[in-house]
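Colleague: I'm new to reading models like this one, so please pick one part and take me through it slowly. I'd like to hear how the pieces there fit together and how far I can trust them.

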Amino acid sequence: MITAYAQYEGAAMKTMDGIKISLAQMPVEPGRPDRNAEYIIAEIQRASARGSHLVIFPELATTGYIIADRFEDNYFIEDVTRCNRRIVEATRGLSNVAIFGTVLVDPNAKGEDGRVRKHNGAIVAQNGRTL
């Protein structure tokens with residue numbers, strides 16, 4: 001069980017009690033959202049089995065840091081979106097919340113170059129839903 005404390009002028013102040021948090025460092029494979037999704041799903045399941053309430057993954061955990069041109073490849077972005085849905089669905093029936101970094105697409109927004117806007121963001125998922 002993790003209990004977090006904030007330090008202020010030498011005095012400890014209890015800020016959380018009884019919340020079990022898992023921080024998942026992972027070997028992200030750049031450009032392989034399928035493999036990264038498999039790893040993320042397995043870690044979410046392991047964290048749930050350990051009784052973790054929250055499991056947090058790194059920024060761009062699904063894609064890794066890749067050459068920006070790849071983010072303009074519609075087939076790649078569709079693959080990332082499918083993997084995001086698989087990860088969210090994998091939380092169904094589990095007791096924890098998962099937060100993972102990924103590329104998010106805003107189909108209603110366009111960049112200066114006219115292409116669909118993409119963001120470096122995160123998805124918060126619980127019980128098969130995006131929160």
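Modeller: Here is a walk through the sheet and what packs against it, starting with some ground rules.

This is a predicted model, so local features need a pLDDT of at least 70 and side-chain atom pairs count only at pLDDT 80 or more, while totals for chains, interfaces and linings use all residues. Residues are numbered from 1 along each chain as its sequence is written, and side-chain values use heavy atoms, with hydrogens and water left out.

On trust: pLDDT is the predictor's confidence in each residue, from 0 to 100. The protein averages 87, and 87% of the residues score at least 70. Strand β1 (residues 5-8) has the lowest mean among the elements, at 42, and strand β7 (residues 129-130) has the highest, at 97. Over residues 1-14 the pLDDT stays under 50. Where pLDDT is low, the predicted coordinates should not be read in detail.

Now the overall plan. The protein has two helices and seven strands, where helices (H or I, at least four residues) and strands (E, at least two) are DSSP runs, numbered from the N terminus. Along the sequence they come in the pattern β-β-β-α-β-α-β-β-β.

Five of those strands make an open sheet, in the order β3-β4-β5-β6-β7 and with mixed pairing. Two strands count as paired if DSSP finds at least two bridges between them. At the edges sit β3 (21-23) and β7, each pairing on one side only.

Let's zoom in on β5 and β6, which pair antiparallel over eleven bridges. You can pick out Gly101 standing opposite Ala122 in β6, and Ile99 with its bridge partner Val124. These two strands form a hairpin with five residues between them, and Gly114 in the turn has a positive phi of about 90°. Next along, β6 and β7 run antiparallel too, joined by two bridges. One partnership to look for there is Ala125 with Thr130 in β7. Their hairpin has two residues between the strands, and Asn127 takes a positive phi near 50°.

What packs on this sheet, and which strands does it touch? Helix α2 does, touching β5, β6 and β7, and its direction makes about 140° with that of β5. For that angle, axes are lines fitted to C-alpha atoms (for helices, over the stretch in contact), and angles run from 0 to 180 degrees between N-to-C directions. A contact means heavy atoms within 4.5 Å.

Asn84 is a handy residue for seeing this packing. Its place is in α2, residues 74-90. Is Asn84 buried or exposed? Asn84 is buried, because its relative accessible area is 6%; the rule is under 20% for buried, over 50% for exposed and partly exposed in between, using a 1.4 Å probe and protein chains only. Leaving aside neighbours within four places in sequence, Asn84 contacts Thr62, Phe100, Thr102, Val103 and Ile123.

Phe100 also turns up in the largest nonpolar core, which has 18 residues, and is among those with the most contacts inside it, along with Ile40, Ile44, Val55, Phe57 and Ile87. A nonpolar core here is a set of buried Ala, Val, Leu, Ile, Met, Phe, Trp, Tyr and Cys residues joined through side-chain atoms within 4.5 Å. The elements giving two or more residues to this core are α1 (33-49), α2, β5 (97-110) and β6 (116-126). The largest share, five residues, comes from α1.

A second, separate core has seven residues, including Ile66, Phe76, Ile77 and Val103. Ile66 lies in the loop between β4 (54-56) and α2. Beyond four places in sequence, Ile66 touches Pro30, Gly31, Phe71 and Phe76. Ile66 and Gly31 are 35 residues apart in sequence, yet 6.4 Å apart from C-alpha to C-alpha.

Those two phenylalanines, Phe71 and Phe76, are both buried and form a tilted aromatic pair, with 6.4 Å between centres and 55° between planes. Rings of Phe, Tyr and Trp (its six-membered ring) pair if their centres lie within 6.5 Å; planes under 30 degrees apart count as stacked, over 60 as edge-to-face and the rest as tilted. The structure holds one such aromatic pair.
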